[in-house]
Amino acid sequence: MVRKIIALIFVLALVAVGCPQQAEPEPEAVTENVTLYYGSEGNEELVTEEREISYREGEDRYQIVLEELIAGPETEGYNANIPEETEVYGTILQNDSLLVNFSEEFTNFGGSVAEVVAIASVVNTLTQFEEIERVKILAEGEELIVPSGERRGFMEPFATEITPPAVQQTVILYFARPDATAVVPEEREISLPQEAEFAQQLELVLEELIAGPQREDLSPTIPAEVSVLNVDVAENTATVNFSEEMHTEHTGGAAGETMTILSIVNTLTEFPEVEDVLMQVEGEPMNIEHVILDAPVQRNEELIEEE
């Protein structure tokens, strides 16, 4: 009986060897055109390239698209912003949301603007697919953190024009008493681009000064029509060039002229990098009415009324 069982097993084994199973056919290859998002030459906006990708059914389509994105742009002058060493570990689709897990190299950004563009390029590239409305990016399984310490979470498509990340800063602006006998400090919380040069920061501060006081008991010192044409800082002197409206729209008067000068100088010399201010209108010395300002003006503490 035992011999019969052994013989039967041997026969079945021969049959199995002699009749190999048919291999399953390979999944068909799929080819499609996709849009990849990159940064413009100065990373001021998002730009696109059309690219053809191929994958087989069952493969991670989104991972293949991202790997193509990381490979970089073909157009000269476009910026990838994502380090080429970055690996895509995988993606997970949850309803209309996609989670993407990159290697840690993804976070080696070349500055805060490059960070925004890199993230936007991923989000906009993936949300071109109708089944994806938002994207969450992970690096080594951890969510990305914004400079404020908060998690970025799920992100919807970015605008094509890139706005540099901003930081909040408290500045002191000087406005006039209604009787024009002194200038009074007013604190203001303003947003400054994170990578703005110092001269650009001063320009934004002056724009806040032109916007006027928030307190009802203070008066503006610069006509609202005035624009700041440019600011330059050299050897602790800030040179400020205003538009012609500083002359044409100013109400004039010795007291009003003094309030304007003091508010500008005292506001800018709140910054330790500025010791005095040279004021110009259309590139010429400022001359509202009584004084031709052909030399830098220093801070005046005597006409500051402290609260």
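A crossing of two helices is right-handed if the near helix is turned clockwise from the far one by less than a right angle. Keep that in mind for the helix pairs below. The model shown here is predicted.

Start with the whole chain. It holds 6 helices and 13 strands. It has 307 residues, and 43% of them count as buried. Take the contacts between residues at least 6 apart in sequence: 60% of these join residues at least 24 apart. The chain exposes about 17,200 Å². Carbon and sulfur atoms supply 46% of that area.

Now turn to the helices. Two packed helices are described by the angle between their axes and the distance between the axes. Take helix α2, residues 61-70, and helix α3, residues 112-126. Their axes come within 11 Å and cross at roughly 140°. Angles over 145 degrees would count as roughly antiparallel, and 65 to 115 as roughly perpendicular. The α2 and α3 pair is therefore oblique. The crossing of α2 and α3 is right-handed, in the sense defined at the start.

Which residues of α2 and α3 meet? From α2 come Tyr62, Val65, Leu66 and Leu69. From α3 come Ser121, Val122, Thr125 and Leu126. Sorted by class, this contact has 6 nonpolar residues, 2 polar ones and no charged ones.

Stay in helix α3 and find valine 117. Is valine 117 buried or exposed? Its relative accessible area is 1%. Buried means under 20%, so valine 117 is buried. Its contacts reach to other parts of the chain. Leaving aside neighbours within four places in sequence, valine 117 is in contact with Tyr38, Gly39, Asn43, Leu46, Asn81 and Ile162. Glutamate 44 lies 73 residues from valine 117 along the chain. Their C-alpha atoms are separated by 8.7 Å.

One of those contacts, Asn81, deserves its own look. Asparagine 81 sits in the loop between α2 and β3, the strand at 88-94. Most residues other than glycine have a negative phi. The phi of asparagine 81 is near 70°, a positive value. How much of asparagine 81 is accessible? Its relative accessible area is 17%, so asparagine 81 is buried.

Glutamate 140 also has a positive phi, near 55°. Look for glutamate 140 in the loop between β5 (134-139) and β6 (142-143). Its relative accessible area is 40%. Partly exposed covers the range between under 20% and over 50%, so glutamate 140 is partly exposed.

Move on to another helix pair. Helix α4 spans residues 198-211, and helix α6 spans residues 254-268. They pack at an angle of about 140°, with their axes 11 Å apart. That makes α4 oblique to α6. The crossing of α4 and α6 is right-handed.

What meets at this second contact? Leu202, Val205, Leu206 and Leu209 come from α4. Ser263, Ile264, Thr267 and Leu268 come from α6. The classes are 6 nonpolar, 2 polar and no charged residues.

Leucine 268 is worth following further. This residue of helix α6 has 0% relative accessibility, so leucine 268 counts as buried. In sequence, leucine 268 and valine 205 are 63 residues apart. In space they are 8.1 Å apart, C-alpha to C-alpha. Not counting residues up to four places away in sequence, leucine 268 touches Leu202, Leu206, Ala238, Val240, Val274 and Val277.

Finish in a strand. Methionine 279 lies in β11, residues 276-281. At 0% relative accessibility, methionine 279 counts as buried. What surrounds methionine 279, once neighbours within four places in sequence are left aside? Its contacts include Val240 and Phe242. Ile261, Ile264 and Val265 are also among them. So are Glu284, Pro285, Met286, Leu293 and Val297. Val240 is touched by leucine 268 as well. Ile264 also takes part in the contact of α6 with α4. Asparagine 241 is 38 residues from methionine 279 along the chain. Their C-alpha atoms are separated by 6.2 Å.

Terms used
Residues are numbered from 1 along each chain as its sequence is written. This is a predicted model: local features need pLDDT of at least 70, side-chain atom pairs count only at pLDDT 80 or more; totals for chains, interfaces and linings use all residues. Side-chain values use heavy atoms; hydrogens and water are left out. Helices (H or I, at least four residues) and strands (E, at least two) are DSSP runs, numbered from the N terminus. Buried means under 20% relative accessible area, exposed over 50%, partly exposed in between (1.4 Å probe, protein chains only). Contact means heavy atoms within 4.5 Å. Accessible areas come from the Shrake-Rupley method with a 1.4 Å probe; for residues, only the protein chains shown count as cover. Axes are lines fitted to C-alpha atoms, for helices over the stretch in contact, and angles run from 0 to 180 degrees between N-to-C directions. Angles under 35 degrees count as roughly parallel, over 145 as roughly antiparallel, 65 to 115 as roughly perpendicular and the rest as oblique. Ala, Val, Leu, Ile, Met, Phe, Trp, Tyr, Cys and Pro count as nonpolar, Asp, Glu, Lys and Arg as charged, and the others, Gly among them, as polar.
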